[in-house]
Amino acid sequence: MIGRPTVSDGVACWRIAAASGVLDVNSRYAYLLWCRDFAATSVVARDGADVIGFVTGFRRPDEPSTLVVWQVAVDEVARGRGVAGRMLDALFDAVPDVGHLETTITPDNEGSIALFSRFAQRRGAEVRRSELFSAELLGAGHEPEILFRIGPVRH
Ligand SMILES: CC(C)(COP(=O)(O)OP(=O)(O)OC[C@H]1O[C@@H](n2cnc3c(N)ncnc32)[C@H](O)[C@@H]1OP(=O)(O)O)[C@@H](O)C(=O)NCCC(=O)NCCS
């Protein structure tokens, strides 16, 4: 079941992010705050009472018709079953008056590239790629973050 997160889901989101081994892990506080203040632009997937995946997002303040997806993760045991794709669809359809979706992906993240490319294909939308944050800017051996701008997306 996919729906809006509540504050009590924050730690589960943090745990899934940390266990992924590939995401930049933010503080527990950040995930709790996100589940409080950005719940309308985020979703969690549940299997019974357990959170098995999440998408955190926000409306871009300078361009409110763009939904930015910040992080997506699915618990390892639940991967490969379409959970992330369904979360993206549910999230995009739950946010009114958005026409574009943006996210950044590191070039080595094949799963994430496939996930967002498939979303664009399902919606018949174009994907424009450009570097948002270079490796030099990020520092500490971080891969560059490539902006995927998808749209216009039909609901
Ligand atoms: C990326 C991630 C969220 C995908 O979750 P998932 O529930 O397994 O994804 P889905 O089953 O919905 O797959 C969506 C599509 O991507 C493809 N895909 C998923 N993982 C893939 C991988 N590792 N390599 C290639 N393709 C992949 C699927 O085949 C599917 O395509 P299809 O519609 O043609 O079948 C999950 O692997 C994850 O949590 N990874 C660690 C965190 C991460 O990298 N997050 C993204 C960056 S923010």
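In this predicted model, A19 is found in helix α1, which spans residues 10-20. Its relative accessibility comes to 59%, so A19 counts as exposed. A19 and E76 sit 57 residues apart along the chain, yet their C-alpha atoms are separated by just 8.3 Å.

Next come the strands. Seven of them form an open sheet, and reading across it gives the order β1-β2-β3-β4-β5-β7-β6, with mixed pairing. At the edges are β1 (2-3) and β6 (126-133), each of which pairs on one side only. As a bit of background, strands of a sheet pair through backbone hydrogen bonds, either parallel or antiparallel.

Strand β5 is a handy place to see both kinds of pairing. With β4, strand β5 runs parallel, and four bridges join the two. One position to look at here is V69, which stands opposite T103 in β5. With β7 (residues 145-151), strand β5 (residues 100-105) pairs in the antiparallel sense, this time over five bridges. Here I105 stands opposite I146 in β7, and L101 has I150 of β7 as its bridge partner. Strand β5 is also mostly covered: out of its six residues, five are buried.

Then there are the helices that go with the sheet. Helix α2 (residues 28-37) lies across β3 (50-60) and β4 (63-74), and its direction is at about 70° to β3. Helix α3 (residues 83-94) packs on the sheet too, touching β1, β2 (43-47), β3, β4 and β5. The direction of α3 makes about 160° with that of β4. Together, β4, α3 and β5 make up a β-α-β unit, and that unit is right-handed.

The aromatic side chains are worth a look as well. The structure holds six aromatic pairs. One of them is Y31 with F54, an edge-to-face pair with 6.0 Å from centre to centre and 75° between the planes. Since Y31 lies in helix α2 and F54 in strand β3, the pair ties together parts that are 23 residues apart in sequence. Both Y31 and F54 are buried. Another pair is W34 with F58: the ring centres are 6.1 Å apart and the planes are at 70°, so this pair is edge-to-face. The pair of W34 and F58 links distant parts of the chain, with W34 in helix α2 and F58 in strand β3, 24 residues apart. As for how covered these two are, W34 has 15% relative accessibility and so counts as buried, while F58, at 22%, counts as partly exposed. Stepping back, ring pairs link Y31, W34, F38, F54, F58 and W70 into a cluster.

Finally, what about the cysteines? A search of the whole structure turns up zero disulfides. Take C13: the closest cysteine sulfur to its own is that of C35, 4.4 Å away, which is too far for a bond. To count as a disulfide, the two sulfur atoms would have to be within 2.5 Å. C35 is likewise in no disulfide, its nearest cysteine sulfur being that of C13. Are these two cysteines buried or exposed? C13 is buried, with a relative accessible area of 2%, and C35 is buried as well, with a relative accessible area of 5%.

Terms used
Residues numbered from 1 in each chain as written. Predicted model: local features only at pLDDT ≥ 70, side-chain atom pairs only at ≥ 80, totals over all residues. Heavy atoms only, no water. Buried < 20%, exposed > 50% of the residue type's maximum accessible area, 1.4 Å probe, protein only. Pairing = 2+ DSSP bridges. Contact = heavy atoms within 4.5 Å. Axes fitted to C-alpha atoms, helices over the stretch in contact; angles between N-to-C directions. Right-handed = clockwise from strand over helix to strand, strands pointing away. Phe/Tyr/Trp six-rings, centres within 6.5 Å; stacked < 30°, edge-to-face > 60°.
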